Amino acid sequence: MSTRIYFTGYGEPTVLQVGPEELAPPGPGQVRVQFRAVGVNPADWRLVTGVLKDSMPLEFPAVPGSEAAGVVTEVGPAFEGFSVGDEVIWNGLPGAYRTEAVLSADQLTPVPVGVSLEQAACIPVAGGAAFSALKQLAVGPDDVVLIHAAAGGVGSAAVQIAQAFGAGVIGTASEDNQDYLRELGAFPVTYGPGLAERIRAAAQDAGPVTAVLDAVGTEESVAATVGLLSDRSRAVTTVPGTRSEEAGIASVQLQEGRIWEAATLAAEGLLTFTISGRFPLIEAADALEASRTGHVRGKIVLFP
Ligand SMILES: NC(=O)c1ccc[n+]([C@@H]2O[C@H](COP(=O)([O-])OP(=O)(O)OC[C@H]3O[C@@H](n4cnc5c(N)ncnc54)[C@H](OP(=O)(O)O)[C@@H]3O)[C@@H](O)[C@H]2O)c1
């Protein structure tokens, strides 16, 4: 018997309930996976509170979460893609907040040797978006990338991946995260009034900004991007909306193979997620509240 975290209507994270779930045996092309770690993303609390109800309508009861890592415990008939005992990463439509799931094998990525399941669970959404955005920008050794919200899941992955691509990085964060960004290898800048001037000052050491990844999408971050970057085609946001659209900043286009590529960087020691919150799965409501603060460093992980 599997256990799931579900909700029957939108509301505060306390609407989440815990309940048992009977799983059907895996069919052709499917495997049963025991989740060992589940990644938490801002989209999860937005899903539960109804912020996404127009863009992602749900059938209730619904299960939040779109990324997890675990172990294959059963494979469907005549299936050779994965074997019992394989470690896999899952990324898909909502439903990761459970102990086990029967999943389509085409939504799975093998966990490379040397990557823990905790790290693997963090890769799909934040790592996948960061990797995709930097590929979209064709970031390389001649670049200095400005990363807005560089201490979060997407931002901290992007700081590391940009450096893996040979680029220099200027990152924005609160005062509390300046040392953290420095440890990641970025030139840190605090956001807030005077942001563009502080970025220009950092560029004296880092070099002029040639590309921007915006992982926060505030009026301030968009204005700084517009002020600093003459070639707007070299800006991408993971927070699409009118503000970025009007400024000519493209939305991230998720790239095929991004999870495997990001996982490979993790296996090479070039991408490590800082885990700032670990919660038992049954305390998912607390994890969503922590995510909702908007000040997560790295990632939050749930443990089934
Ligand atoms: N389209 C996609 O596929 C995709 C994929 C992943 C994420 N996203 C979106 O991208 C955004 C970032 O996601 P995430 O997972 O990185 O979120 P997160 O882990 O919750 O990180 C949020 C970060 O934002 C920083 N921050 C808060 N206010 C800020 C401000 N005014 N200026 C600059 N930074 C600020 C915080 O740093 P401090 O604590 O230092 O303030 C925190 O580290 C979310 O909106 C998410 O939904 C989209």
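**Exercise 1. The shell around the ligand**

Task: In this predicted model, state how the residues of the shell around the ligand divide by class, which of them come nearest, and where the ligand lies relative to the domains.

Solution.
Step 1. Sort the shell by class: 16 of its residues are nonpolar, 14 are polar and two are charged.
Step 2. Pick out the nearest ones. Among the 32 residues around the ligand, these are Ala129, Gly152, Gly153, Ser174 and His295.
Step 3. Find the elements that contribute. At least two shell residues come from each of α1 (42-49), α2 (117-136), α3 (153-164) and β9 (168-173).
Step 4. Place the ligand. Residues of the shell come from both domain 1 (2-110 + 274-303) and domain 2 (126-251), so the ligand lies between them.

**Exercise 2. The two domains**

Task: Describe how domain 1 and domain 2 are placed and how many residues each brings to their contact.

Solution.
Step 1. Take the bounds from the domain assignment: domain 1 is made of 2-110 and 274-303, and domain 2 covers 126-251.
Step 2. Locate the C-alpha centres of the two domains, which are 29 Å apart.
Step 3. Count the contact residues: domain 1 brings seven and domain 2 brings eight.
Step 4. Classify the side of domain 1 that touches domain 2: one residue is nonpolar, four are polar and two are charged.

**Exercise 3. The largest nonpolar core**

Task: Which residues of the largest nonpolar core touch the most other members, and which element gives the most to this core?

Solution.
Step 1. The core has 94 residues, and those that touch the most other members are Val38, Ile89, Ala130, Leu134 and Ala158.
Step 2. The element that gives the most is α2, with eleven residues.
Step 3. Check the domains: domain 1 (2-110 + 274-303) and domain 2 (126-251) each supply at least three residues of this core.
Step 4. Look at one member in detail. Leaving out residues up to four places away in sequence, Ala158 touches Ala130, Ala133, Leu134, Ile147 and Leu213.
As background, nonpolar side chains tend to be buried together in soluble globular proteins.

**Exercise 4. The buried side of α1**

Task: Which residues of α1 are buried, and why are they on the same side of α1?

Solution.
Step 1. The buried residues in α1 include Asp44, Trp45, Leu47 and Val48.
Step 2. Around the axis these residues cover an arc of only 155°, so they are on the same side of α1.
Step 3. Find the packing partners: the buried residues of α1 pack against β3 (30-40) and α9 (284-292).
Step 4. Look just past the helix. Gly50 follows α1 and has a positive phi, near 95°.

Technical notes
Residues numbered from 1 in each chain as written. Predicted model: local features only at pLDDT ≥ 70, side-chain atom pairs only at ≥ 80, totals over all residues. Domains from an automatic or database assignment. Contact = placed C-beta atoms within 7 Å. Nonpolar A, V, L, I, M, F, W, Y, C, P; charged D, E, K, R; others polar. Near = placed C-beta within 6 Å. Helix = DSSP H or I, 4+ residues; strand = E, 2+ residues; numbered from the N terminus. Core = buried A, V, L, I, M, F, W, Y, C linked by C-beta atoms within 7 Å. Buried ≥ 20, exposed ≤ 12 C-beta atoms within 10 Å, placed from the backbone. Arc of directions from axis to C-beta.
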